[in-house]
Amino acid sequence: MYNVRICSSISGYETEELIKMFVPKGNYEITEDGALDNNQSFSVVFENERISLPIESFYYRGRKPENIKELKNAIKRGIYDAFGKSCGKELPWGILTGVKPVKIVRELYEKGNSYDEISLYMKEYYRLSDEKTELLITTLKNQYLQSCVRSENNVGVYLGIPFCPTRCVYCSFTSNVAKPGAIEAYLEALYKEIEAVSSSMREAGMFTESFYIGGGTPTSLSAGQLDELLDRIFTNFDLSRCEEFTVEAGRPDTITPEKLAVIRRHGIRRISINPQSMNAKTLEIIGRLHSPEQIIEAYRMAGEAGIEIINMDLIAGLPGETPEDFRNTLAAVLDMAPENITVHTLAVKRASRLREDDEEYNYRETMKLAEMVEYSGKVLKERGYEPYYLYRQKYMVGNLENIGYCRKGTECLYNIKTMDERQTMIALGAGGISKRYYPEENRIERAANVSNYEIYIERIDEMIQRKNQLLFAKHPQKDI
Ligand code: SF4
């Protein structure tokens, strides 16, 4: 049992998340120890041996912290080093808990630091491994031009279809198995939001730079419903500056030649087909109703329909999967040769069935997962794919990351801009979170649509009003 004595103003979620990466829940105790000022020590008791850690030893390059964030990071470095030594373990991401680490290296780069300086800083300050440091810098280089702001009037638009044929065991998204008539009622509310938002955007002189239809599974709609939805979007939004339009088809069993023809008829070149695994047994365990063969067939149909850029999502760390299963999945996907491959690390979130059934899943799977992630990075590089965007999530198994790989020139602009957080993003539909970016202050404010689609339908006028206040009001409100 480990006992960490730490001051009350510093302890909390982030410290505990870090400790949890070294020892499972129940094997440590955090004791609050009054106030800590910059001259005090904090201590860790390892198996009854009390180790006092003078906070000054963890100051970055001996510099006294200037604010609470720096002080917290010094303590996290102390905890990291002490637990690392005691457990004989290093964490690839060191003390970094943020979800958008590429933003940190971009900011350092834009302040005039060289890649070597950034690399040293990330290793010393955040205790990042050589591999993750290199991954961040490569990702920054691959996305840098795309991430630059073209015009402050440009925005990204997301539209969510919260329906799927079944609910996957790890799912924590806004996803529902539709009741009869639910999709029609949802689309009616969505059309109202499309009309209101597109008209306000025109008045405000905002242009759509990228448009992304996600979910759920947008191809849960029938070909006729999809056709009408796309007609409404193309009629209402000014897409004259739109550089990219993506439909996340998602589940292979919802993809048909008719729906692909509808997508192409609207000039859309980019879709996503998300197998997650090419192992039949895993697909069954996670709650999918399709086979690996249906994935290959959906991919073939998309190519035949003239879709030019296809992304495929995979998940490392799915229940019951061995590194060999994952290697087989990757090989099967590489055989199809999609333009983009996104490797997710399973995030076992509180809202998922998997988390309810198995609390310790995250901790147990760490080593196996790190092997899968490392393997995918190596193989994808050999096969000509480059990492171009990256994000992490809370509750991610092994505290790892999701990485979007692409063949050069097929980067997804929407993904880059979403992670970059220097552009206003407007989200329509249940569960969509709109973000307004204020360039002068380099900050964002959010307004969320409710995630329950039935409440969304009921309160559609309020959803529109929330967005109006956030995005189009002359004197912006605080978070609503
Ligand atoms: S396909 Fe995606 S959104 Fe739908 S249930 Fe599975 S994880 Fe959730």
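Me: What makes Pro 101, Val 102, Val 105 and Arg 106 of helix α3 count as lying on the same side of that helix?

Reply: In this predicted model, Pro 101, Val 102, Val 105 and Arg 106 are the buried residues named for helix α3, which spans residues 101–110. They cover an arc of only 140° around the axis, and therefore they fall on the same side of α3. On the other side of α3, Glu 107 and Glu 110 are exposed.

Me: Which elements do the buried residues of α3 pack against, and what follows the helix?

Reply: The buried residues of α3 pack against three helices and a strand, namely α4 (115–126), α5 (130–147), α14 (413–420) and β11 (386–391). After α3 comes Gly 112, whose phi is positive, near 100°.

Me: Why is α5 called roughly perpendicular to α14?

Reply: The axes of α5 and α14 are 10 Å apart and the helices pack at an angle of about 95°. An angle from 65 to 115 degrees counts as roughly perpendicular, so α5 is described as roughly perpendicular to α14. On the α5 side the contact is made by Gln 143, Gln 146 and Ser 147, and on the α14 side by Leu 413, Ile 416 and Asp 420. By character, the residues of this contact of α5 with α14 divide into two nonpolar, three polar and one charged.

Me: Why are α6 and α16 called roughly parallel to each other?

Reply: Helix α6 (residues 182–204) and helix α16 (residues 460–472) pack at an angle of about 20°, with 10 Å between their axes. Because angles under 35 degrees count as roughly parallel, α6 and α16 are placed in that class. The crossing of α6 and α16 is right-handed.

Me: Which residues of α6 and α16 meet, and how do they divide by character?

Reply: From α6 come Ala 189, Lys 192, Glu 193, Ala 196, Val 197, Ser 200 and Ala 204, and these meet Ile 460, Met 463, Ile 464, Lys 467, Asn 468 and Phe 472 of α16. The residues of the contact of α6 with α16 divide into eight nonpolar, two polar and three charged.

Me: How do you know whether Gln 276 is buried or exposed?

Reply: Gln 276 has 23 other C-beta atoms within 10 Å, and a residue is buried if that number is 20 or more, so Gln 276 counts as buried. Gln 276 lies in strand β8, residues 270–276, and has a positive phi of about 70° although it is not a glycine. Most residues other than glycine have a negative phi.

Me: Why does Ala 337 count as partly exposed?

Reply: Ala 337 has 14 C-beta neighbours inside 10 Å; since 20 or more would make a residue buried and 12 or fewer would make it exposed, Ala 337 falls in between and counts as partly exposed. Ala 337 belongs to the loop between α11 (323–336) and β10 (340–345), and its phi, near 60°, is a positive value in a residue other than glycine.

Me: Where does the chain have a cis peptide bond, and what is its omega?

Reply: The peptide bond from Gly 215 to Gly 216 is cis, with omega near 15°. Gly 216 lies in the loop between β6 (207–215) and α7 (223–236). Most peptide bonds are trans.

Me: How many helices and strands does the chain have, and what percentage of its residues count as buried?

Reply: The chain has 16 helices and 15 strands, and 44% of its 480 residues count as buried.

Notes: Residues numbered from 1 in each chain as written. Predicted model: local features only at pLDDT ≥ 70, side-chain atom pairs only at ≥ 80, totals over all residues. Helix = DSSP H or I, 4+ residues; strand = E, 2+ residues; numbered from the N terminus. Arc of directions from axis to C-beta. Contact = placed C-beta atoms within 7 Å. Axes fitted to C-alpha atoms, helices over the stretch in contact; angles between N-to-C directions. Parallel < 35°, antiparallel > 145°, perpendicular 65-115°, else oblique. Left-handed = near helix turned anticlockwise from the far one by under 90°. Nonpolar A, V, L, I, M, F, W, Y, C, P; charged D, E, K, R; others polar.
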